Amino acid sequence: MKSKVEAYLGFAIKKGSAVLGCDNIVRARKRVYLLLYRPDLSPNSRKVVARCAEKFRCAACEYEFSLKNCKAIAVCDVNLAQAIIKNVAEEKNGK
């Protein structure tokens, strides 16, 4: 069963308010409110995500999502980003 976070990511992708992949995130022209990356992201790509988090002044969270061939995703919708942050925190706290 999909988690709420993955459902919200699916909504963001369908809505067109998500940017997939580190290279595309660097070139993003939209306002980014959240960066999510998988635990198996390479150290160099983690540095890229950290720089993008500073550039966009947004949160960057590690989360195990199951999008195929994608290890980093940027959420460009403020409401979806807030919902994802809330649910990631709840999952980490064990609720």
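Contact here means heavy atoms within 4.5 Å. The model is predicted.

Q: What covers the buried residues of α4?
A: Buried means under 20% relative accessible area. In α4, that holds for Leu80, Ala81, Ala83, Ile84, Asn87 and Val88. These residues cover an arc of only 160° around the axis, which puts them on the same side of α4. What covers them includes α1, β2 and β4.

Q: Which exposed residues does the face of α4 turned away from its buried side carry?
A: Residues three or four places apart in an α-helix point the same way, because there are 3.6 residues a turn. The face of α4 turned away from the buried side carries exposed Asn79, Lys86 and Asn93.

Q: How far apart are the end C-alpha atoms of α4?
A: The helix has 16 residues. At 1.5 Å a residue, α4 should span 22 Å. The value in the model agrees: 23 Å.

Q: Which backbone nitrogen does a side-chain oxygen of Asp77 reach at the start of α4?
A: A polar contact needs N or O atoms within 3.5 Å. The Asp77 oxygen comes to within 3.1 Å of its partner. That partner is the backbone nitrogen of Asn79.

Q: Against which elements do the buried residues of α1 pack?
A: The buried residues of α1 are Val5, Glu6, Leu9 and Ala12. Their arc around the axis is only 115°, which puts them on the same side of α1. On the other side, Lys4, Lys14 and Lys15 are exposed. The buried residues pack against β1, β2, β4 and α4.

Q: What phi does Gly16 take?
A: Helix α1 covers residues 4-15. Gly16 comes just after α1. Its phi is positive, about 85°.

Notes:
Residues are numbered from 1 along each chain as its sequence is written. This is a predicted model: local features need pLDDT of at least 70, side-chain atom pairs count only at pLDDT 80 or more; totals for chains, interfaces and linings use all residues. Side-chain values use heavy atoms; hydrogens and water are left out. Helices (H or I, at least four residues) and strands (E, at least two) are DSSP runs, numbered from the N terminus. The expected span of a helix is 1.5 Å times one less than its number of residues. Buried means under 20% relative accessible area, exposed over 50%, partly exposed in between (1.4 Å probe, protein chains only). The arc is that of the directions from the helix axis to the C-beta atoms. A polar contact is a pair of N or O atoms within 3.5 Å; within protein, one must be able to donate a hydrogen and the other to accept it, and residues adjacent in sequence count only if both atoms are side-chain atoms.
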